Amino acid sequence: MLVYAHSDTSFAKMHALDELPVIMAGRAGGRLKTGLHVRSEGAPVTRTALTAMQAVGMRAGSFGSDQMATSQPLGEVQV
């Protein structure tokens, strides 16, 4: 099981989109490490979504569009 959630801004007053807080809870059947805090400065938040999709078995090679497009999941949390 995996629960994935994030805010739509990192600092609501400024509508900031950098360093969005994201939480992934669960091990996705043993495919994710738990108990980690990962900070990826400059990386698009879509990396976390791609990681979650792959962890639950979706065959997604990429996710996002334009500047938020990525094909690189967060290797730090993958088993």
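Is Asp 66 buried or exposed? In this predicted model, Asp 66 counts as exposed, because its relative accessibility is 73%. The residue sits in the segment after α1. Its backbone is also of interest. Phi of Asp 66 is near 55 degrees, a positive value in a residue other than glycine. Most residues other than glycine have a negative phi.

Ala 28 also has a positive phi, of about 50 degrees, although it is not a glycine. Ala 28 belongs to the loop between β2 and α1. Its relative accessibility is 2%, so Ala 28 counts as buried. A further positive phi, near 100 degrees, is found at Gly 57, which follows α1.

Ala 28 is also part of the largest nonpolar core. This core has seven residues in all. Its other members are Leu 2, Leu 32, Ala 52, Ala 55, Leu 74 and Val 77. In soluble globular proteins, nonpolar side chains tend to be buried together. Leu 32 touches several fellow members of the core, namely Leu 2, Ala 55 and Val 77. The contacts of Leu 32 further include Met 24, Gly 26, Arg 27, Thr 51, Gln 78 and Val 79. Residues up to four places away in sequence are not counted among these contacts.

The helix α1 spans residues 46–55. Nine of its 10 residues are buried, so α1 is largely enclosed by the rest of the structure. The buried residues are Thr 46, Arg 47, Thr 48, Ala 49, Leu 50, Thr 51, Ala 52, Met 53 and Ala 55. Ala 52 and Ala 55 belong to the largest nonpolar core. What covers the buried residues of α1 includes β1 and β2.

The largest pocket holds about 750 Å³ of space. It is lined by 28 residues, and the closest to its centre are Leu 20, Val 22, Val 38, Thr 48 and Leu 74. The elements that give two or more residues to this lining are β2 and α1. The largest share, three residues, comes from β2. By residue class, the lining divides into 15 nonpolar, seven polar and six charged residues. Leu 74 appears both among the residues closest to the pocket centre and in the largest nonpolar core. Thr 48, also among those closest to the centre, is one of the buried residues of α1.

Thr 9 lies in the loop between β1 (3–6) and β2 (22–25). Its relative accessible area is 15%, so Thr 9 is buried. Beyond four places in sequence, Thr 9 touches His 15, Ala 16, Leu 20 and Pro 21. Of these contacts, Leu 20 is also listed among the residues closest to the centre of the largest pocket.

Glu 76, like Asp 66, is placed in the segment after α1. Glu 76 is partly exposed, because its relative accessible area is 38%. Beyond four places in sequence, Glu 76 touches Lys 33, Leu 36, Val 38, Ser 40 and Arg 47. Arg 47 is a buried residue of α1. Val 38 is one of the residues closest to the centre of the largest pocket. Glu 76 and His 6 are 70 residues apart along the chain, and their C-alpha atoms are separated by 18 Å.

Technical notes. Residues numbered from 1 in each chain as written. Predicted model: local features only at pLDDT ≥ 70, side-chain atom pairs only at ≥ 80, totals over all residues. Heavy atoms only, no water. Helix = DSSP H or I, 4+ residues; strand = E, 2+ residues; numbered from the N terminus. Buried < 20%, exposed > 50% of the residue type's maximum accessible area, 1.4 Å probe, protein only. Contact = heavy atoms within 4.5 Å. 1 Å grid on protein atoms, 1.4 Å probe; cavity = no way out; pocket = protein on both sides within 12 Å on 5 of 7 lines; lining within 4 Å. Points joined across faces, edges and corners; volume = space filled by probe spheres on them. Nonpolar A, V, L, I, M, F, W, Y, C, P; charged D, E, K, R; others polar. Core = buried A, V, L, I, M, F, W, Y, C linked by side-chain atoms within 4.5 Å.
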